[in-house]
Amino acid sequence: MKNTRFITAIAISVILLGSSFVLSQDWPQWRGPNRDGKVKGFTPPKEWPKELTQKWKVSTGQGTDATPALVGDKLYVFTRQEANEVTLCMNAGSGKVIWEDKYQAQAVTGPAAKHGGPRSSPTVADGKVITLGVGGVISCLEASTGKVLWRKDEFPKMVPQFSPSMSPIIADGMCIAHLGGKDNAAVIAFDLASGNPKWKWTGDGPSYSSPVIMTVDGTKQVLVQTDKNLVSLALADGKLLWQIPTAAQKRFYNSATPIVDGTTLIYTGQGSGTKAVKIEKQGDAFAIKDLWSNTDLGTGFDTPVLKDGFLYGVSDKGTLFCLNAKDGLTAWNTSTPLGGGNFGSIVDAGNCLFALGNKGELVVFKPDTKEYSEIAKYKVSETEIYAHPVISGNRIFIKDWDSLAMFVTD
């Protein structure tokens, strides 16, 4: 009997490890397990050190914008090495490369040329890794071996002005991505197993934002920020459910991911402030109810995190801010920029928040709704950073201009 129970326990463990089960300290996709910038299981030090300890640093190639994915003891890094886009699977403890996949990628020219590497972060689920390259090539690899399961180029040489930057999402056995360019594009749901399209929505061109899932009255919806509208598509068949015009807003680059809080939706952009609406089911359709608007605070290339009813983010002026998510009123706004203009990222690690500017400065501060309260500040890179820090346990992974490093807090 004891042996039977032991064997059963092992079998259950194997099933969990082989499924899309996400460990509490994993960072398997854009902005973490739930695409909300939150991480569980962070272990704060009893006393924050003067300097973080760097355990290893590995040259990976150019890919400052693509945040690595962490699942178990493996890091998945999407980068560019010379003419190739490369996916690296690395041991998280040592930085050693386990496998790699590469293909010749489209050259980046024009205003986007400075960022030659991929902008899209890998998505890992169901034993597969999804990447989206600067030329619009979407790939599905076997997570354990790097074997190419399928690779698609639906709109050859047709990309947004600054190349694809959205990170595909995996939901209900589908991989969903917005592909193409300004005048020829589609949101496509690929069958994760085969790569065959299950549905397409043709409309606006892509933006530089990443989609999220929202459920209203039992209907799962994919929220996609396009170059003109914030649209909701039925997850089951891609039907357009509702949309909010955003193109008319001043300098709205559409880089921020929509923030979902139940049936409340918060969206923001450079020069356009931050807005909140409520999505309600009315008969067979959905209605949009305006809640509040803060015209003073918006973000440029940052998505705020929602914590205990307050938004924390990096404004389009580069300052750290806190905003009340119930009424939109500003709680506080720092007077000095984080560093690096309006590029930055925020991660909620529980009893503290991390803010990383693109000049390599990592700031740790308290989730204080009364005033900005800094805990520690560290220099983690001498080169530019546009990726999120990946935080797990006492480890902090930093992807800079051409390398990946692991730091520990104690």
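## Strands β12 and β13

Let's start with a pair of neighbours: β12 and β13 (residues 197–201) line up in the antiparallel sense, with 4 bridges between them. Keep in mind that this is a predicted model. Across this pair, Phe190 faces Pro197 in β13. The two strands make a hairpin, with 5 residues separating them. In that turn sits Gly195, whose phi is positive, about 85 degrees.

How many residues of strand β12 (residues 185–191) are buried? The count is 6 of the 7, so β12 is largely enclosed by the rest of the structure.

## β12 has another partner

On to β11, which runs antiparallel to β12 and is joined to it by 7 bridges. These two also form a hairpin, this one with 4 residues between the strands.

Cys175 is a good residue to click on here. It belongs to strand β11 (residues 174–180), and it stands opposite Phe190 in β12. Along the sequence, Cys175 and Phe190 are 15 residues apart, yet their C-alpha atoms are 5.1 Å apart in space. You have now met Phe190 twice: it faces Cys175 and also Pro197 in β13.

## Two buried residues

Is Cys175 buried or exposed? Its relative accessibility is 0%, and buried means under 20%, so Cys175 counts as buried. Leaving out residues up to four places away in sequence, Cys175 touches Ile130, Ile138, Pro168, Ile169, Ile170, Ile188, Ala189, Phe190 and Leu192.

Thr131 tells a similar kind of story. You'll find it in strand β7 (residues 128–132). With 1% relative accessibility, Thr131 counts as buried too. Its contacts, again not counting residues up to four places away in sequence, are Phe78, Thr87, Pro122, Val137, Ile138 and Ser139. Notice that Ile138 touches Thr131 and Cys175 as well.

## A four-stranded sheet

Now look at another part of the chain, where 4 strands form an open sheet. Their order is β14-β15-β16-β17, and the pairing is antiparallel. Why do β14 and β17 (240–245) each have one side without a neighbour in the sheet? They stand at the edges and each has a single partner strand, so one side of each is left free of a neighbour. From one strand to the next, the twist averages 25 degrees.

Zooming in on one pairing, strand β15 (residues 219–225) and strand β16 (residues 229–234) are antiparallel and share 5 bridges. Here, Val224 stands opposite Val231 in β16.

## Two pockets

The largest pocket holds about 650 Å³ of space. It is lined by 25 residues, and the closest to its centre are Asp65, Ser165, Ser255, Phe301 and Phe343. Sort that lining by class and you get 12 nonpolar, 9 polar and 4 charged residues.

What about the second largest pocket? Its space comes to about 500 Å³. Here 27 residues do the lining, with Gln29, Pro33, Asn34, Arg35 and Ile169 the closest to the centre. Several strands give two or more residues to this lining: β6 (123–125), β10 (169–171), β14 (212–216), β18 (259–261) and β22 (305–307). By class, the lining of this second pocket has 16 nonpolar, 5 polar and 6 charged residues.

A couple of names link back to earlier sections. Ile169, one of the residues closest to the centre of the second largest pocket, is also among the contacts of Cys175. And β14, which gives residues to that lining, is an edge strand of the open sheet.

Terms used:
Residues are numbered from 1 along each chain as its sequence is written. This is a predicted model: local features need pLDDT of at least 70, side-chain atom pairs count only at pLDDT 80 or more; totals for chains, interfaces and linings use all residues. Side-chain values use heavy atoms; hydrogens and water are left out. On a 1 Å grid over the protein atoms alone, a cavity is a set of points where a 1.4 Å probe fits but cannot get out, and a pocket is an open set with protein on both sides within 12 Å along at least five of seven lines; lining residues have an atom within 4 Å of a point. Grid points are joined across faces, edges and corners, and a volume is the space filled by probe spheres set on the points. Ala, Val, Leu, Ile, Met, Phe, Trp, Tyr, Cys and Pro count as nonpolar, Asp, Glu, Lys and Arg as charged, and the others, Gly among them, as polar. Two strands pair if DSSP finds at least two bridges between them. Axes are lines fitted to C-alpha atoms, for helices over the stretch in contact, and angles run from 0 to 180 degrees between N-to-C directions. Buried means under 20% relative accessible area, exposed over 50%, partly exposed in between (1.4 Å probe, protein chains only). Contact means heavy atoms within 4.5 Å.
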